[in-house]
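User: I would like to go through this model in short turns. Please give the reasoning first and end each reply on the value or name.

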Amino acid sequence: MLPDTFSIQHTFINISSPSHTSHLIVGAGLAGCLLAWRLQQAGQRFLLLGSTAMPAAYKVAAGVINPVTGRWMTKTWNFDQLLPEAQATYHSLEQQFGIQVYHRIPEIRFCQNADDIKRLGRRLRNPRYQNVLNRYFAPGQAAPDFNDPHGSFGIEQAAYVDLPKLVTCLRTAFAQQGLFRDETFHHSALQQKADGWQYQDLHATKVIFCEGAAAIHNPWFPNIALQPAKGETLLCNSPTLQLPRKLYHHKKWLLPYPDGSFRIGATYDETDLSDTPTQTRKEELLAATHEALKESHTIQITAHLAGVRPSTLDSRPVIGVHPSQAGLYLINGLGSKGASTAPAMTQQLAHHLRTGTPIPPEVDIARFSLKPTL
């Protein structure tokens, strides 16, 4: 959903000098904004720097939090630990700024064949899935508008987060306090000094890169095993299709919004890493939707969005410290699960920055045997 207006009900204290700060955060997307917010909550000084004109995954993402994903119906990595942190973070931000960004929503996933039904049976007998899977529904029971010859099943604890609204809200608040600069960062202008790092007129003790897929151009962290993947979605209206408010997962997913519009997503492409929407992927999304629905509907496309997910080779987030250049840090690899992983990952990095708390090995950048070129 696109951002709307919001009010700021919290008064911040500007504790950062415009030219000298403890933390320079490079990248003002979801990870950068949440990290800045956490540092501010902890009374730390920072400056957030990033261009609002540059492509960013949060502008395109539906912000879906899905407990069970993929062909094999696998429970999302670390979901039982990530979800409580995500809910606490978004609810705290909602209260602070007087906005609503976190939306719980029932989810229906359709079995595609007999193997899916067998797989679901195994999952339903697995204690790990008891808090995220609902029962199996025979064909025609759960969602009469959809073709479901193999039936469907319910997924619990799904949600979506209005990421554009959240990021815009945080950026606006920081800008009003002089803590956000809307400009493009140039890596070549970053210079190491005896007591920290100099970037143009800014001096910082620590520099934290939160650049998403743009990190492939970062010379300080050249080997973090990023595997970017392009995704496209469609924002739509239909004069005839009015669906109950659920997240429907057929071969593609369909997410209805309260205003009657809906979103169709998403494609996956590791070869085309541009942010340009394509006719081929639009047709792919529309074909999958028409195939899923029983009746023929007129679908009007109001926006066709494309962006690049910052995934990693092992599909895990990556946070950590540069192995040889003191004061350089990174958070990345949130992939298509940024809405669920960013709150916990920024919390772990903020703790590390403040207290030196060890970073969990499974997300530590050290697992990629980083070999810096600078």
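User: Is asparagine 134 buried, partly exposed or exposed?
Analyst: This is a predicted model, where local features need pLDDT of at least 70, side-chain atom pairs count only at pLDDT 80 or more, and totals for chains, interfaces and linings use all residues. Residues are numbered from 1 along each chain as its sequence is written, and side-chain values use heavy atoms, with hydrogens and water left out. Buried means under 20% relative accessible area, exposed over 50%, and partly exposed in between (1.4 Å probe, protein chains only). Asparagine 134 has a relative accessible area of 30%, so the class is partly exposed.

User: Which strand holds asparagine 134?
Analyst: Strands are DSSP runs of E with at least two residues, helices are runs of H or I with at least four, and both are numbered from the N terminus. The run in question covers residues 133–137. Asparagine 134 therefore belongs, by that DSSP numbering, to strand β8.

User: Which residues does asparagine 134 contact, leaving aside neighbours within four places in sequence?
Analyst: Contact means heavy atoms within 4.5 Å. With the sequence neighbours left aside, asparagine 134 contacts Leu124, Gly154, Ile155 and Glu156.

User: How far apart in space are asparagine 134 and isoleucine 105?
Analyst: Along the sequence, the two are 29 residues apart. From C-alpha to C-alpha, the separation is 14 Å.

User: Why does phenylalanine 185 count as buried?
Analyst: Phenylalanine 185 sits in the loop between β11 (180–182) and β12 (190–193). Beyond four places in sequence, its contacts are Leu24, Val26, Leu49, Leu190, Tyr199 and Phe209. Phenylalanine 185 counts as buried because its relative accessibility is 11%.

User: What is the C-alpha separation of phenylalanine 185 and glycine 231?
Analyst: Along the chain, 46 residues separate phenylalanine 185 and glycine 231. Their C-alpha atoms are separated by 25 Å.

User: Which residues does histidine 20 contact, leaving aside neighbours within four places in sequence?
Analyst: Histidine 20 lies in strand β1, residues 20–26. Its relative accessible area is 32%, so it is partly exposed. With the sequence neighbours left aside, histidine 20 contacts Arg45 and His203.

User: What distance separates the C-alpha atoms of histidine 20 and glutamine 242?
Analyst: The pair is 222 residues apart along the chain. The C-alpha separation is 54 Å.

User: What is the phi of glutamine 200?
Analyst: Glutamine 200 is in the loop between β13 (196–199) and β14 (202–209). At 46% relative accessibility, it counts as partly exposed. It is not a glycine, yet phi is positive, at about 50°.

User: And what is phi near for serine 315?
Analyst: Serine 315 lies in the loop between β19 (300–309) and β20 (318–321). Its relative accessibility is 57%, so it counts as exposed. Phi is positive in this residue other than glycine, near 60°.

User: What is omega near for the peptide bond from glycine 265 to alanine 266?
Analyst: Alanine 266 is found in the loop between β18 (262–265) and α6 (279–292). The bond from glycine 265 to alanine 266 is cis, with omega near -25°.

User: Which residues does threonine 357 touch, not counting those up to four places away in sequence?
Analyst: Threonine 357 is in the segment after α7 (338–355). Its relative accessible area is 36%, so it is partly exposed. Not counting the sequence neighbours, threonine 357 touches His351 and His352.

User: What radius of gyration does the protein chain have?
Analyst: The radius is taken over C-alpha atoms, and the globule rule is 2.2 Å times the number of residues to the power 0.38. For 374 residues, a compact globule would be near 21 Å. The chain agrees, with 21 Å.

User: What percentage of the residues in the protein chain is buried?
Analyst: The chain has 7 helices and 21 strands. Of contacts between residues at least 6 apart in sequence, 74% join residues at least 24 apart. Of the 374 residues, the buried share is 54%.

User: Which residues does the annotation "domain: FAD dependent oxidoreductase" cover?
Analyst: The annotation comes from an unreviewed UniProt entry. UniProt positions are given in the numbering used here, feature names are shortened, and annotations may be inferred rather than shown by experiment. Over the annotated stretch, the chain is 27% helix and 28% strand, with end C-alpha atoms 13 Å apart. The annotation covers residues 24–350.
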